Structures are given as C-alpha cells and as structure tokens.
Amino acid sequence: MGWVDTHCHLQLDERVPGDLLARADRVDWVVVPGVDLASSKAAASLADAHPGRVLASAGLHPHEAGMWPEQADAIAALAPGVAAIGETGLDFYRNLSPRDDQVTSFRGQIEIAIENRKPIIIHCRDAFADVHEIVEKSGVGPLAVLHCWTGGPKWTRRFLDLGVMFSFAGPVAFETGETVRFGAALVPPERALVETDTPYLAPPPHRGEPNEPAWVELVGAALAAVWELPIVEVAATTTANAERVFRA
Ligand SMILES: [Zn+2]
C-alpha cells in the first residue's frame with residue numbers, strides 16, 4: 001500500500017528532508033510546494049536530489065502576495081521544469097497581505113498554470129466565494145487542486161461542479177472536523193487527494209507535533225472512515241489520482 005503526500009513543505013522544515021522521506025516508507029512520492037521564489041527553487045533542488053520521490057511546485061503563497069510584481073517573472077521561468085504551480089490562493093482569515101495583492105498574485109499564477117498546462121495548488125481560507133469566482137471565471141477548474149480542503153457540504157458541492165480536485169489534510173481527522181467530514185462525504189474518491197501540509201496540521205494522535213509525510217496515512221484512514229471503504233482502496237485511488245494530476 002503506497003500513498004502520495006501531495007503537499008508537504010520539506011524545504012521549510014528544520015529537519016533533514018532525507019530523514020523525513022526515509023521514515024515515510026509507505027509514501028511513494030511527495031509534492032513540495034514553494035511559498036515564494038527562494039522556497040520554490042529549494043523545492044526544485046529537492047526534486048533533483050530525490051528523483052521520482054519528490055516533485056516540486058513553484059509559486060507564491062497568499063501571505064507573500066505583495067512580492068508578486070518582483071517575483072512573477074522568475075516564478076514563471078521555473079514553471080516548465082516543475083510539476084505544478086503554487087501554492088497560491090486567497091487567505092482572508094489571516095490577511096497577512098492586502099486582499100487586492102492576493103487576488104493579483106492568484107490570477108497571475110492561474111495564467112502561468114494555464115499557459116504551461118500544469119496543475120495549480122490553491123490555498124483557500126475564509127475565501128470560498130472569491131476563490132470560487134476566480135476559478136470559475138478563469139476556467140482553471142480542471143487543473144485546480146484545493147489544498148487542505150476544509151469546506152462543508154455547500155462549498156464542496158459548488159466546487160465539485162468546477163471539476164477541481166480536493167486535497168484533504170489533518171483537519172478531516174480532527175475531533176472538531178465534523179464539517180470537513182460532511183464535505184468529504186460528498187467528494188467521490190476519484191476526485192480526492194491526501195496531504196500532510198508538513199510541518200503543520202499534524203493529525204491525531206500527533207496534534208501539536210511537527211507533522212511529517214509518514215502521517216499521511218492517518219489522513220487517508222480518516223477518509224476511509226468517512227467513505228466506509230477499506231484503507232487500501234483509499235490509498236490505491238488517491239495515489240492513482242495523484243499520478244493523473246501531477247505526473248500526466
Ligand atoms: Zn502549504
């Protein structure tokens with residue numbers, strides 16, 4: 001049984017990436033998303049160092065969106081050599097950068113994804129309506145991966161119609177994750193991915209510890225419980241989905 005961790009920031013972790021990968025012996029491969037130019041280059045270097053085991057994604061996180069004017073060209077230049085664009089998106093919860101900057105950066109990265117025909121990894125926090133509108137109007141839905149999906153039934157239904165993929169993380173396994181589980185129940189397994197968001201959001205029983213790719217199977221087990229499917233089936237389906245999305 002092999003899993004794919006579609007979102008782990010190994011390059012932002014103070015631990016040695018090779019150690020975390022070695023401990024994740026049931027994880028076939030991982031996607032390492034950048035959050036700015038430097039971390040996107042670091043992700044690409046990790047992919048070079050671990051061929052077949054690490055795929056890189058290049059992008060600018062909504063928290064850093066103010067740097068888009070300076071970093072856009074360099075991120076676009078990385079696009080042909082990486083597996084995906086992002087992480088991008090909108091975060092209207094923490095609002096660490098102005099909303100207009102977030103929207104400009106998000107739209108710019110959507111254009112890069114469409115031009116390069118790459119999947120785009122989208123962060124969406126307290127911004128369901130705006131992300132939905134931008135994804136719908138741009139037509140990027142079939143390339144979109146909604147990372148750490150936490151939407152309930154209403155937004156899950158609306159995003160399902162756009163053709164996106166839903167990547168589930170620790171929150172689907174949290175005791176307080178009931179709304180996320182109600183949303184997950186509506187997602188057909190062939191539209192789902194699993195991730196850890198390492199080093200954040202460790203699933204139970206590891207809450208509060210730095211997360212790591214090996215624990216992606218705890219996310220998969222939570223989805224298996226929601227769908228009432230065997231864990232091996234969830235591993236096989238989400239891994240096949242990841243192959244289709246990131247390695248096609
Ligand atoms: Zn992330």
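Helices and strands here are DSSP runs, numbered from the N terminus. With that in hand, let's take a walk through this model, which is a predicted one.

**The enclosed space**

Rolling a probe the size of a water molecule over the atoms shows where empty space is left. Searching the whole structure that way turns up 1 cavity of 30 Å³ or more, and its volume is about 30 Å³. Who lines it? The residues are I122, C124, F128, L146, H147, C148, W149, T150 and G151. Strands β5 (120-125) and β6 (144-147) each put at least two residues into that lining. By type, the lining splits into 6 nonpolar and 3 polar residues, with no charged ones.

**Rings around F128 and W149**

Two of the cavity-lining residues, F128 and W149, also belong to one aromatic cluster, together with W155, F159 and F166. The aromatic pairs in the model come to 5. The F128 and W149 rings have centres 5.4 Å apart and planes at 75 degrees, over the 60 degrees that count as edge-to-face, so that is what this pair is. F128 sits in helix α5 (residues 128-138) while W149 is in the loop between β6 and α6 (153-160), so the contact ties together parts that are 21 residues apart in sequence.

Are these two side chains buried or exposed? The cut-off for buried is under 20% relative accessible area. F128, at 18%, therefore counts as buried, and W149, at 3%, is buried as well.

W149 has another partner: its ring and that of F166 have centres 5.2 Å apart and planes at 70 degrees, so this pair is edge-to-face too. Here the link runs from W149 in the loop between β6 and α6 to F166 in strand β7 (residues 165-168), 17 residues apart. F166 has 0% relative accessibility, so F166 counts as buried.

**Open pockets**

The table puts the two pockets side by side.

| Pocket | Volume | Nonpolar lining residues | Polar lining residues | Charged lining residues |
|---|---|---|---|---|
| Largest pocket | about 650 Å³ | 9 nonpolar | 8 polar | 6 charged |
| Second largest pocket | about 170 Å³ | 7 nonpolar | 1 polar | 3 charged |

Of the 23 residues lining the largest pocket, H123, R125, C148, D197 and L201 are the closest to its centre. C148 also lines the cavity described above. Strands β4 (84-91) and β5 each supply at least two residues of the largest pocket's lining, and β5 gives the most, with 3 residues.

The second largest pocket is lined by R117, P119, P142, L143, A144, V145, G163, M165, R191, R244 and V245. The elements giving two or more residues to that lining are β6 and α9 (231-247).

**The zinc site**

Which protein atoms hold the zinc ion? The donors are H7 (NE2), H9 (NE2) and E87 (OE), lying 1.9 to 2.1 Å from the ion. Along the chain they follow the spacing H-x1-H-x77-E. Both histidines, H7 and H9, are buried.

**Charges over rings**

Two arginines are worth a look in the viewer. The charged end of R207 is positioned over the ring of F174, 3.5 Å from the ring centre. Likewise, R247 lies over the face of W29, at 4.4 Å from the centre of that ring.

How values were computed
Residues numbered from 1 in each chain as written. Predicted model: local features only at pLDDT ≥ 70, side-chain atom pairs only at ≥ 80, totals over all residues. Heavy atoms only, no water. 1 Å grid on protein atoms, 1.4 Å probe; cavity = no way out; pocket = protein on both sides within 12 Å on 5 of 7 lines; lining within 4 Å. Points joined across faces, edges and corners; volume = space filled by probe spheres on them. Helix = DSSP H or I, 4+ residues; strand = E, 2+ residues; numbered from the N terminus. Nonpolar A, V, L, I, M, F, W, Y, C, P; charged D, E, K, R; others polar. Phe/Tyr/Trp six-rings, centres within 6.5 Å; stacked < 30°, edge-to-face > 60°. Buried < 20%, exposed > 50% of the residue type's maximum accessible area, 1.4 Å probe, protein only. Lys NZ or Arg CZ within 6 Å of the ring centre and 35° of its normal. Donors = N, O, S within 2.8 Å, 3.2 Å for Na, K, Ca; no water.
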